[in-house]
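Biologist: Let us go through this model and ask what each label rests on.

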Amino acid sequence: MSQPDDSQSVDFPLDPLSADEFRAVAAMLQREYGVRAAPSSGADLGWRYASIELIEPSKAELAAFEGGGARPPRRAEAICFNRTDNATYKSVLSLTDDRVEAFEHIPGVQANFTVDEFLECDQLLRSHPDVLAALRSRGITDIDMVFFDTWTYGDAVAPPEFRDRRIGWSDSWVKAAPGANPYARLVSGLHCVVDVNAMELLRIEDGGPFATGEATVPEVMGEYVPGHIPERIRAATDREPLKPLHITQPDGPSFTVEGNLVRWQNWSLRVGFNHREGMTLHSVRYRDGDRDRSIAHRMSFAEMIVPYRDPSPDHYRRTAFDIGEWGLGFMTTSLALGCDCLGEIRYLDAVLHNSKGEPYTITNAICIHEEDNAVLWKHVDHDIGAEVRRMRRLTLSFHVTVANYEYLVYWRLYQDGNIECEVRATGIMVTTPLPAGAPNPNGTLVDERTYAPFHQHFLVARLDMDIDGSDNTVVMSESYAEPIGPDNPHGLSLVVANTPLRTEGEAKQDVNFATQRAWKVVNPNVVTGIGAHPAYKLVPSGAIPPMFEPGSPVLERASVIGHTLWVTPNEPDERWPAGEFVNQSSRDTGLARWTSADRAIENTDVVMWYVFGIHHITRPEDWPVMPVDVVSFWLKPFGFFDRNPALDVMGAPPDACHTPSTSAHH
């Protein structure tokens, strides 16, 4: 985290890299290995930094430091690539000792795309005579109205003759007017293939009925900014304005932020940030009486896979790995009070770097605030009256814009020990024009002869849980109705089966609503006051099926979406479920490879990988800008506490939620 003037100090070993540390990484690699962004000659294209990230200290190092031991050394990892020979390098650097510990060539891989490459592709295409000619042949002459949206490739759909290059492909879009929606009108059939190292146009693909004049482009109303929405539509849907809604905390918030340490209502945690995952949560703990109990060491999103389920020429290449190919951190946007967040807000800034290794600051990258959330618990007794407690929750959020889509990420902590993770998808759907009378089996008509293709959003949460310590066991919990018999004459008996998952193979789990399957992370080495083993329960929601045939290219690249849950022993290098380098990948080098060893996972330090998301069968109501689609999951204490931990929650003043008895009915 950083202040806008880049005056950032590192107080704790988990604090993200500062602006000075980014500069130090670039200086070391230039000094020792000649890594520099600017070319030294016409034949030298120079280097780009794909990522620079803190190497987080181990659990043992953190425990020793918090116990009064030595501060762990500051180390960083950098991925950079030489544009001249298309070679990717991974380096490890000691910021403490000002030296490069390792500089390794990783053959046959492509690092994540950079924002600079995206912008340079747009500049290349809008100035290329062949592209201008292809647009003119379609009647598009004002290049200022055109937007080129560059995507990455998977190996299976990349042009074979260019697979040894770093390549991207582009969509082309044309706006209706200056300032209008750039994603409203696809130039169907026009795609460019670019060598993004040399910034060279390799091929123009220009076909389909709209290129040959067989079909006319439909007129669509794809505008969402008020000034561009036609008056006839605004008048037809005009509604009364809302009265002001003020959220005030005259005494300030009930949470504190010290550096990146957040404390609230028995909770404490540290907030991190990096280029790939965006916001990360660390050292999540709950104070239970006089004990500060651990719940999770680290929670984040590790991958997001968005396959478009349309084999047409405009969409067959369109499978995004938004985290591995682009990075949620790089796509994070600044948040605004009154729009993105309401109430008494505390913001954290984030420092990242461009492809030259130069730092920059995202102001207000993370929002922290309290929210009222209706009733926490209540009971009305005939004699006692009503006892009611309002629910307050602490929300930590960040928003990312990945081309046409927005993902709004919320982690929420509750007074009863619950943790909720919610993701909201919004933004603008990809759409495609149709010739008159043409079918659209893989999408929904959302405008005049215009359809939005079906697609799926798979999110992978990486949950390094430490329930009262690191050695935990994941248990599958299922409910069954017992058959009618002498001991169950009315068929009422419902029982729960708890099955410990002992190996990685057993832990490849799918959701089962028939048995209300869920998973508990249990510490078998601790016994609570009522004789239980403390646990947190992963309550699955939003789980969606992959709907791919075995051997399909998407499953080959992202085996993780084939199951709802995976469990692995905690290994520091096993962070990316589809592999570290997914750009132009052909095979999964993550969970599919790791779990083939079928390692033991019982009573050890484990990581859960939870797959959930949105099965987006597109709707007209999602056009031209999509109302948020909400998906979430919960982590709930199960035997972690001896009773309701929110018994001590009080109103203000203390008797505000205690009303005299009137009547009560059962």
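**Labels and their grounds**

Modeller: This is a predicted model. Strands β3 (residues 87-94) and β4 (residues 99-106) run antiparallel and are joined by 7 bridges.

Biologist: What makes β3 and β4 a pair?

Modeller: A pair needs at least two bridges, and β3 and β4 have 7 bridges, so they count as paired. One of the contacts sets S91 opposite F103 in β4. The hairpin of β3 and β4 has 4 residues between the strands, and D98 takes a positive phi near 55° there.

Biologist: Why is β6 called largely enclosed?

Modeller: Strand β6 covers residues 167-174, and 8 of the 8 residues are buried, so the strand is largely enclosed by the rest of the structure. Buried means under 20% relative accessible area.

Biologist: What are the residues on each side of β6?

Modeller: I167, W169, D171 and W173 are on one side, while G168, S170, S172 and V174 are on the other. They are all buried, and both faces of β6 are thus covered. In a regular strand the side chains alternate between the two faces of the sheet.

Biologist: Which strands pair with β6?

Modeller: Strand β5 (residues 146-151) is joined to β6 by 6 bridges, running antiparallel. Within that pairing, F147 stands opposite W173. Strand β7 (residues 190-195) pairs with β6 over 4 bridges, also in the antiparallel sense, and W169 stands opposite V193 in β7. The cut-off is at least two bridges, so both β5, with 6 bridges, and β7, with 4 bridges, count as partners of β6.

Biologist: What makes β20 and β21 edge strands?

Modeller: The open sheet has 3 strands in the order β20-β22-β21, with antiparallel pairing. β20 (432-433) and β21 (443-447) each pair on one side only, and they are the edge strands.

Biologist: How many bridges join β20 to β22?

Modeller: The count is 2 bridges, with β22 spanning residues 450-453. Since at least two are needed, the pairing is accepted. T432 has Y451 in β22 as its bridge partner.

Biologist: Why is N442 called partly exposed?

Modeller: N442 has a relative accessibility of 24%. The class lies between the 20% and 50% cut-offs, so N442 counts as partly exposed. N442 lies in the loop between β20 and β21. Its C-alpha is separated by 28 Å from that of A134, 308 residues apart along the chain.

Biologist: Is H128 buried or exposed?

Modeller: H128 is buried, because its relative accessible area is 19% and the cut-off is under 20%. H128 is found in the loop between α3 and α4 (129-136). The C-alpha atoms of H128 and D116 are separated by 18 Å, with their positions 12 residues apart along the chain counted as 12 residues apart.

Biologist: How do you know that the span of α3 is close to the expected one?

Modeller: Helix α3 (residues 115-127) has 13 residues and reaches 19 Å from its first C-alpha to its last, against the 18 Å expected at 1.5 Å a residue.

Biologist: What puts the buried residues on the same side of α3?

Modeller: The buried residues are E117, F118, C121, D122, L124 and L125. They cover an arc of only 165° around the axis, which puts them on the same side of α3.

Terms used. Residues numbered from 1 in each chain as written. Predicted model: local features only at pLDDT ≥ 70, side-chain atom pairs only at ≥ 80, totals over all residues. Heavy atoms only, no water. Expected span 1.5 Å × (residues − 1). Buried < 20%, exposed > 50% of the residue type's maximum accessible area, 1.4 Å probe, protein only. Arc of directions from axis to C-beta.
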